[in-house]
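Here are my notes on the chain you sent over. Have a look at the structure, then see whether the points below match your own reading.

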Amino acid sequence: MVSLRTRFLGRELSSPLVLPAGILGMSYGSLRFACDAGFGLVTSKSLSLEPRRGHEGPIVARFGGGIINSLGLCNPGIAAGLKEVDEFSAVSGSPVMVSVFAVNRGDFEELVRRACDSSAAFIELNLSCPNVMDEFGIPLAASKELVADIVEGAKKASRLPVIAKLSPNALELPAIARAAQEAGADALSLINTLGPGLLIDTAVRRPILAPCFGGISGPAVFPLALKLVYECTGRVSIPVIGMGGVSTGDEAVQMFMAGASLVGVGTAVWLSGAGVVAEIAKGIWEYLEREGFSSVMNLPKLERGNG
Ligand SMILES: Cc1cc2nc3c(=O)[nH]c(=O)nc-3n(C[C@H](O)[C@H](O)[C@H](O)COP(=O)(O)O)c2cc1C
């Protein structure tokens, strides 16, 4: 009997599909919307200690391969964000992963402690922010040492499983994934947006986005995301949530074969609406049924040594 139910870090999930951080903003309503769409796990907008207004628009633009965005990490702050999470959890049995971001270890620890006082099931560390400790502003996720340091601090501060979300903009991502595991991460999420990239409005000869550049997501990043998930799962033994451009059931199955335990679907919802989640779930289900597998947990992984 085919079932999409799966297990992740000791929790039973109704579906292996995850709403990634930030896609639907941060409110009780957006969490409800995501759950009704069929996600088995929903992630909050990345929350900081204080509220952030973010950039002035336009902050999201579409192109042939997906979208670019530069929201400027706008969020209501950890206190207001966790209130929405608690309200959601009071009426829904679906687990929430609370995403947090900061620019140094101390603030990450404080955010994790606060999130642990909420109804969150998991905590995700968004490590893709610019790093104020580095004179060139290189993202935290580009440094093995900084990733390890922040994960170690977060683990000490946390009673909940900690998931490190990594950036594709780092050289040697598999080594960084390994460092996160060694520092105690319970799982990894990859990938965050690629780039940033640029789109130009030729009519006015100006960048389309007000902040000029924006992170790239959607179908254009899928082959890169798949390859990075494949490489990183070869270097770690903790579960990986694979995301980046997944928009069909077949692409989700490819993510499982590359080694992912769960699959995130973000930009596809943004581009095609919530119905895409049910279509992807149906595609996975049909593949399992046709190929004789009862669950995504026993789908065979791609053999190592290819490429
Ligand atoms: C509009 C938008 C907002 C996002 N906000 C966040 C965020 O707050 N925190 C984060 O870790 N990732 C954020 N991301 C990245 C996504 O969570 C995801 O990692 C990325 O978009 C790749 O998956 P996708 O191609 O399925 O969207 C955002 C992406 C988009 C498109």
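1. Let's begin with the contacts. Counting pairs of residues at least 6 apart in sequence, 70% of the contacts in the chain join residues at least 24 apart. Do keep in mind that this is a predicted model.

2. On secondary structure, I get nine helices and 16 strands for the chain.

3. Next, overall dimensions. A compact globule of 307 residues would have a radius of gyration near 19 Å, and the chain agrees with that at 18 Å. Along the principal axes, the C-alpha atoms fill a box of roughly 50 × 50 × 45 Å.

4. As for burial and surface, 52% of the 307 residues count as buried. The chain exposes about 13100 Å², and 53% of that comes from carbon and sulfur atoms.

5. Charges: there are 26 positive and 29 negative ones in the chain, and their mean positions are 1 Å apart.

6. Which residues form the aromatic pair, and how are the rings arranged? The count comes to one such pair. Phe 8 and Phe 122 meet edge-to-face, with 5.3 Å centre to centre and 70° between the planes. Phe 8 sits in strand β1 (residues 6-8) and Phe 122 in strand β8 (residues 122-126), so the pair ties together parts that are 114 residues apart in sequence.

7. Are those two rings' residues buried or exposed? Phe 8 has a relative accessible area of 1%, so it counts as buried, the cut-off being under 20%. Phe 122 is buried too, with a relative accessibility of 1%.

Note on methods: Residues numbered from 1 in each chain as written. Predicted model: local features only at pLDDT ≥ 70, side-chain atom pairs only at ≥ 80, totals over all residues. Heavy atoms only, no water. Helix = DSSP H or I, 4+ residues; strand = E, 2+ residues; numbered from the N terminus. Rg over C-alpha atoms; globule rule 2.2 N^0.38 Å. Buried < 20%, exposed > 50% of the residue type's maximum accessible area, 1.4 Å probe, protein only. Contact = heavy atoms within 4.5 Å. Areas by Shrake-Rupley, 256 points an atom, 1.4 Å probe, with all protein chains shown as cover. Lys, Arg positive; Asp, Glu negative; His and termini not counted. Charge placed at Lys NZ, Arg CZ, Asp CG, Glu CD. Phe/Tyr/Trp six-rings, centres within 6.5 Å; stacked < 30°, edge-to-face > 60°.
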